[in-house]
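Here is a walk through a few spots worth a look in this model. Have the viewer open and follow along.

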Amino acid sequence: MPLHPPFGLRRPAYGGDYNPEQWPESTWQEDVRLMREAQVNLVSVGIFSWAQIEPEPGVYAFDRLDRILGLLHDNGIAADLATPTVAPPAWFYRAHPDALPVTREGVRHAFGSRGAICHSNSAYRRAAARITTELAQRYAGHPALALWHVHNEYGAPVAACYCDGCAAHFRRWLAARHGSVEAVNDAWGTAFWGQHYTGLEQIDPPRLTPGVCNPAQQLDYRRFADATMRENFCAERDILHRVAPGIPVTTNFMTALSQCDTVDYWAWGREVDIVANDHYLITDGRRTHVNLAMTADLTRSVAHGAPWLLLEHSTSAVNWQPRNPAKRPGEMARNSLAHIARGSQGALFFQWRQSRQGAEKFHSAMLPQAGTDSRVWREVVRLGADIAALTPVLDTSTVADVAVVWDWQSWWAQALEGRPSVDHDARERADSFYEALYDRHLTVHFAPPEADLSAYPLVVVPALYLMNRAAADNLRRYVENGGTLVVSYFSGIVDEHDTVHEGPYPGALRDVLGLTVEEFSPLPEGARVRLSGPDGTELSADVWTESLVPRGAETVWHYTDGPVCGGPAVTRHRLGTGTAWYVSTRLATPALDPILRAACQEAGLDLRDDLPRDVEVVHRSGKDSTWVFVINHSEEPVDVTLPGPGTDLLSNDRTGSRPTVPAGGVRIVRLDD
């Protein structure tokens, strides 16, 4: 549907999850007073309220929600109203225990958490449709309603169920996808290990087996589980569209590769009216602001460059990691503005008021346990004013420099058993290549393998093990027409059924790369190899090497030790008017830089060697204006060269073409026309 973000609001969205059912009604007036102080204009409500709204089957109690929505509207605060279908009530599970999911090992989960749902269960589907219909009929015309929010974080904590009901549903899905049992046998390669089926009724989910379960069957089951969740989303969405037309419908994604690996967001992005995302910093020793930038770029890409919304992040610490450090002063604002730089139309948090009970009582909130006399609250109020000032930015779009090809289904396939090395990790390759591009100060657009790539002078393929013929032809056309392509090892190996492409590795990519791989040669744990390249440049790598045979490609770096000593390590192949680079080993982010630098030069990209490592510069452009977000994650002030002078939106100060950005600071500059 046509969408004019932010969803009827007059300024960027700011707020968070509001869970007033956790609190006595006497606190609600204080909540909305403080929301006004912080310039909150949008809150998500009702996500976990099914048991309150429908306390027993078919009996509805809307009076509390009526008062909440009325209070919000009276105070100028819009609602992102959720269907509460992520958490069915205890009475539902008492009546339908088979709606609880079963693990691959045959263990049925119990009630007492969230998201414990068998998405194939017909009783759950009927109950979800009923509560969604009742909500839509009651609130379709409510003046507080700005956005519908279906369910919550699909795929977490359970995506796949292995019960008998899912088995029957899986067989129907296989019939629709493949057409016949013969086609399933062919796609799954069931001649191997005598797994041949003579009827679809013989097929079960890939439950626990004594040895490696058929990888193609496992891959199809992940597709099935994802598609089944999406069916349920679409069913609720269609009810909302029919009963409450004109109100956009979304659900909160978790596009970060560090947070969710069960959902194909390319498919989901086509089903929502606006893409919304949750993101939390993962404190695993990595540079958290790089993961944030990557996630925001990925979310914008799932939205096909359209406006999207950061629906959840944290003001400070989360509660669910082994160690949960608080954010430093200014970090919350820096995180929020970085998401907006990369396309979000606002910033919302989990949650408004910090809980006193339950599993997330130590998760930070906009209104912390410490109350309003706290650093977090003062930063929340200050950020509300800053985000309100960003209203002119809403009519602009983030400008991307390069493309990265990514595919969730390929990631699933790479993670299955029986691969050449347990140390190879598709997510690690995506993270490392993204970080190397980030350190070159390039803004990334992610693309599915068959997408049009012609707008990007440089395309990077960090981990595309699974590649169909259409994707391979797409990359070939891109290079032939003048593009610069960089491909990492173990890409192009199998088709969509996890069947190795006929002929030598790298299968679908050997012609565009101008080489063949005679053999993979993974390294022992902890082993390293050295590479030598132009002007004696030396690099160090680990995990993976390959025995390459150039067939038109030139060797740029070669191995100087290890199992393929003297052989090509990094190659370059001219094809048509473009160039394809191949990296046959695992290089850490710093070691990737000389290769990406050479590819960037070949692609005609600005190298931005003048910018420090932890300073990001992102452009948002519109019909009448260009904005530059400069975000300094370092502990030192930096001078940054801009295309010209302008005005800092946050301070309203005039800036020259080389403003100073303080340590940990942000400048948002509207360039002069």
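Is D648 buried or exposed? This is a predicted model, and in it D648 is buried, with a relative accessible area of 3%. You'll find D648 in strand β25, which covers residues 646–648.

The side chain of D648 has polar partners. A polar atom of that side chain sits 2.9 Å from the backbone nitrogen of L650. The side chain of D648 also makes a polar contact of 2.9 Å with the side chain of R667. Setting aside residues up to four places away in sequence, D648 touches D653, T655, R667, I668 and V669. R667 therefore turns up both in the polar contact and among the residues touching the buried D648.

**The nonpolar cores**

Next, the hydrophobic interior. In soluble globular proteins, nonpolar side chains tend to be buried together. Here the largest nonpolar core has 175 residues, and the members that touch the most other members are L72, W148, W408, L458, L485 and L531. Helix α5 (residues 122–139) gives the most to this core, with eight residues.

L485 is a good one to click on. Its contacts, leaving aside neighbours within four places in sequence, are V459, V461, L475, Y478, V479, V512, T579, A580 and W581. Apart from the largest core lies another one, of 20 residues, with C118, C163, C166 and Y197 among them.

**Two helices that cross**

Two packed helices are described by the angle between their axes and the distance between the axes. For α6 (residues 164–178) and α7 (residues 181–188), the angle is about 85 degrees and the axes are 9 Å apart. That makes α6 roughly perpendicular to α7, because angles of 65 to 115 degrees count that way. On the α6 side the contact is made by F170, L174 and H178, and on the α7 side by A183, V184, A187 and W188. By class, this contact has six nonpolar residues, one polar residue and no charged ones.

An α-helix has 3.6 residues a turn, so residues three or four places apart point the same way. Keep that in mind when you look at F170, L174 and H178 on α6.

**A covered helix and a neighbour**

How many residues of helix α11 are buried? The count is 10 of its 11 residues, and the helix (residues 331–341) is mostly covered. The buried ones are E331, M332, R334, N335, S336, L337, A338, H339, I340 and A341. After α11 comes G343, with a positive phi near 120 degrees.

E331 also links to another helix. T288, in helix α10 (residues 288–302), touches L281, I282 and E331, not counting residues up to four places away in sequence. T288 is itself buried, with a relative accessible area of 18%.

**Backbone oddities**

A few peptide bonds and phi values deserve a second look, and the table lists them.

| Site | Feature | Value |
|---|---|---|
| A156 and P157 | cis peptide bond | omega about 0 degrees |
| F350 and Q351 | cis peptide bond | omega about -5 degrees |
| Q39 | positive phi, not a glycine | about 65 degrees |
| H151 | positive phi, not a glycine | near 60 degrees |

Where do these sit? P157 lies in the loop between β4 (145–150) and α6, and H151 is in the loop between β4 and α6 too. Q351 belongs to the loop between β9 (344–349) and α12 (375–388), while Q39 is in the loop between α1 (28–37) and β2 (42–45).

The two positive-phi residues fall into separate burial classes: Q39 counts as partly exposed at 29% relative accessibility, whereas H151 counts as buried at 3%.

**Around I47**

H151 leads on to I47, a residue in the loop between β2 and α2 (50–53). I47 is buried, with a relative accessible area of 1%. Which residues does I47 touch, not counting those up to four places away in sequence? They are D17, A82, T83, P84, V86, H149, H151 and N152. I47 and T85 are 38 residues apart in sequence, and their C-alpha atoms are 7.8 Å apart in space.

Conventions:
Residues are numbered from 1 along each chain as its sequence is written. This is a predicted model: local features need pLDDT of at least 70, side-chain atom pairs count only at pLDDT 80 or more; totals for chains, interfaces and linings use all residues. Side-chain values use heavy atoms; hydrogens and water are left out. Axes are lines fitted to C-alpha atoms, for helices over the stretch in contact, and angles run from 0 to 180 degrees between N-to-C directions. Helices (H or I, at least four residues) and strands (E, at least two) are DSSP runs, numbered from the N terminus. Angles under 35 degrees count as roughly parallel, over 145 as roughly antiparallel, 65 to 115 as roughly perpendicular and the rest as oblique. Contact means heavy atoms within 4.5 Å. Ala, Val, Leu, Ile, Met, Phe, Trp, Tyr, Cys and Pro count as nonpolar, Asp, Glu, Lys and Arg as charged, and the others, Gly among them, as polar. Buried means under 20% relative accessible area, exposed over 50%, partly exposed in between (1.4 Å probe, protein chains only). A polar contact is a pair of N or O atoms within 3.5 Å; within protein, one must be able to donate a hydrogen and the other to accept it, and residues adjacent in sequence count only if both atoms are side-chain atoms. A nonpolar core is a set of buried Ala, Val, Leu, Ile, Met, Phe, Trp, Tyr and Cys residues joined through side-chain atoms within 4.5 Å.
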